[in-house]
Amino acid sequence: MRVADWAATRDTLHMWTQIVGKIRLVHAPLVNHWWQVTLYLSPRGLTTSAIPYRSGAFDIEFDFVEHRLHIRGSDGDDREVRLRPMTVADFYSRTMHALGEMGIEADIQARPNEVEPSVPFAEDEQHASYDPEAAHLFWRQLLQAARVMGEFRSRFVGKVSPVHFFWGAMDLACTRFSGRDAPKHPGGAPNCGDWVMEEGYSRELSSCGFWPGGGEEGAFYAYAYPEPDGFADHPVGPSAAYYSRENGQFLLPYEAVRTARDPDAALTEFLQTTYEAAAEHGHWDRAALEADPHRWAPQRKTND
């Protein structure tokens with residue numbers, strides 16, 4: 001799926017996910033590095049998971065199989081918004097109306113972050129595309145990426161994020177931490193307070209993910225903060241991977257993984273070697289932070 005062929009849908013969906021993500025943001029308590037605001041892959045699309053609300057909870061899920069936005073409450077009430085071509089303003093109005101009917105208040109900052117220009121959701125009549133096949137294929141890309149990234153995550157026993165979807169930049173990410181503090185982040189993301197980036201990058205890290213840009217079909221990325229000396233010149237694989245000076249990170253085109261003889265192995269090589277670039281040049285205590293995810297396999301087999 002070429003990014004150029006679904007860019008209009010991607011950009012509209014980006015705004016829709018920001019609206020839903022901000023609804024979670026206003027009700028979920030702060031978790032380090034803003035982990036409480038993200039969305040997660042589900043068997044049908046992207047979900048907020050359970051959001052606490054008063055004495056109960058609700059969730060919101062983008063269903064890219066039936067192309068509906070599901071809003072479900074712990075009191076048994078539910079609403080749906082059909083996903084179809086419509087403006088961001090229309091989606092925002094319909095979603096907020098559905099929440100209102102369920103008695104759920106959501107006083108969000110009603111304009112997007114990390115994009116330029118930042119058009120208020122209620123005024124955005126420009127983004128209005130929704131190609132259901134493209135949305136479905138994007139979700140399938142995310143499923144495949146999350147599956148391999150989840151395996152990679154299991155090798156790390158230090159502090160590590162979930163594999164989660166950040167709606168600010170519209171990327172799937174997983175981040176490992178060395179355990180040390182990081183220098184204050186300079187910020188600079190468009191229409192996003194510098195303090196947001198300060199919290200996100202308050203600890204030394206190595207992050208990887210997938211983003212629907214950077215390549216004809218999207219790209220996998222990896223970066224370190226702070227970036228240690230020698231990181232950019234560290235040898236990484238597979239051969240299609242490269243360090244982008246413009247972006248300050250390693251990139252691997254999605255199409256290079258998709259067409260590889262063993263796509264899982266190609267992506268795993270990229271994730272592992274770029275992490276090693278951060279850990280080795282940053283002098284991480286790898287012996288204390290890494291472990292074999294199959295370390296209990298013999299005992300489990302015996303018990304079974």
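## Strands β7 and β8

In this predicted model, strand β7 and strand β8 (residues 171-181) run antiparallel and are joined by three bridges. Within this pair, His 164 has Ala 173 of β8 as its bridge partner. Strands of a sheet, in general, pair through backbone hydrogen bonds, and the pairing may be either parallel or antiparallel.

## The six-stranded sheet and helix α3

The two strands belong to an open sheet of six strands, whose order is β7-β8-β9-β10-β12-β11 and whose pairing is antiparallel. At its edges lie β7 (164-166) and β11 (242-244), each of which pairs on one side only. When direction is ignored, neighbouring strands of this sheet are turned against each other by 35° on average.

Helix α3 (residues 132-153) packs on this sheet, where it touches β7, β8, β9 (203-211) and β10 (219-225). The direction of α3 makes about 25° with that of β8.

## Helix α3 against helix α6

Two packed helices are described by the angle between their axes and by the distance between the axes. For α3 and helix α6 (residues 263-281), the axes come within 10 Å and cross at roughly 45°. With that angle, α3 is oblique to α6, and the crossing of the two helices is right-handed.

On the α3 side, the contact is made by Arg 147, Val 148, Met 149 and Phe 152, while α6 contributes Asp 264, Leu 267, Thr 268, Leu 271, Gln 272 and Tyr 275. Sorted by class, the residues of this contact between α3 and α6 are six nonpolar, two polar and two charged.

## Helix α1 against helix α2

Another pair of packed helices is formed by α1 (residues 3-27) and α2 (residues 88-101), whose axes are 10 Å apart and make an angle of about 25°. Angles under 35 degrees count as roughly parallel, and α1 and α2 are therefore roughly parallel to each other. Their crossing is right-handed.

The residues of α1 that make the contact are Thr 12, Met 15, Trp 16, Ile 19, Val 20 and Ile 23, and those of α2 are Val 88, Phe 91, Tyr 92, Thr 95, Met 96 and Leu 99. In the contact of α1 with α2 there are ten nonpolar and two polar residues, with no charged residues.

## Two hairpins: β4, β5 and β6

Strand β4 (residues 56-63) runs antiparallel to strand β5 (residues 68-73), and six bridges join the two. Across this pairing, Asp 59 stands opposite Arg 72 in β5. The strands β4 and β5 form a hairpin with four residues between them, and in the turn His 67 has a positive phi of about 60°.

Strand β5 is also joined, by five bridges, to strand β6 (residues 78-82), and these two strands run antiparallel. Here Arg 68 has Arg 82 of β6 as its bridge partner. The hairpin of β5 and β6 has four residues between the strands, and Gly 76 in this hairpin takes a positive phi near 95°.

## Arg 258

Is Arg 258, which is found in helix α5 (residues 254-258), buried, partly exposed or exposed? Its relative accessible area is 46%, and Arg 258 is therefore partly exposed, since that class lies between the cut-offs of 20% for buried and 50% for exposed.

If residues up to four places away in sequence are not counted, Arg 258 touches Glu 217 and Pro 263. From C-alpha to C-alpha, Arg 258 and His 14 are 23 Å apart in space, and in sequence they are 244 residues apart.

Note on methods:
Residues are numbered from 1 along each chain as its sequence is written. This is a predicted model: local features need pLDDT of at least 70, side-chain atom pairs count only at pLDDT 80 or more; totals for chains, interfaces and linings use all residues. Side-chain values use heavy atoms; hydrogens and water are left out. Axes are lines fitted to C-alpha atoms, for helices over the stretch in contact, and angles run from 0 to 180 degrees between N-to-C directions. Angles under 35 degrees count as roughly parallel, over 145 as roughly antiparallel, 65 to 115 as roughly perpendicular and the rest as oblique. A crossing is left-handed if the near helix is turned anticlockwise from the far one by less than a right angle, and right-handed if clockwise. Contact means heavy atoms within 4.5 Å. Ala, Val, Leu, Ile, Met, Phe, Trp, Tyr, Cys and Pro count as nonpolar, Asp, Glu, Lys and Arg as charged, and the others, Gly among them, as polar. Two strands pair if DSSP finds at least two bridges between them. Buried means under 20% relative accessible area, exposed over 50%, partly exposed in between (1.4 Å probe, protein chains only).
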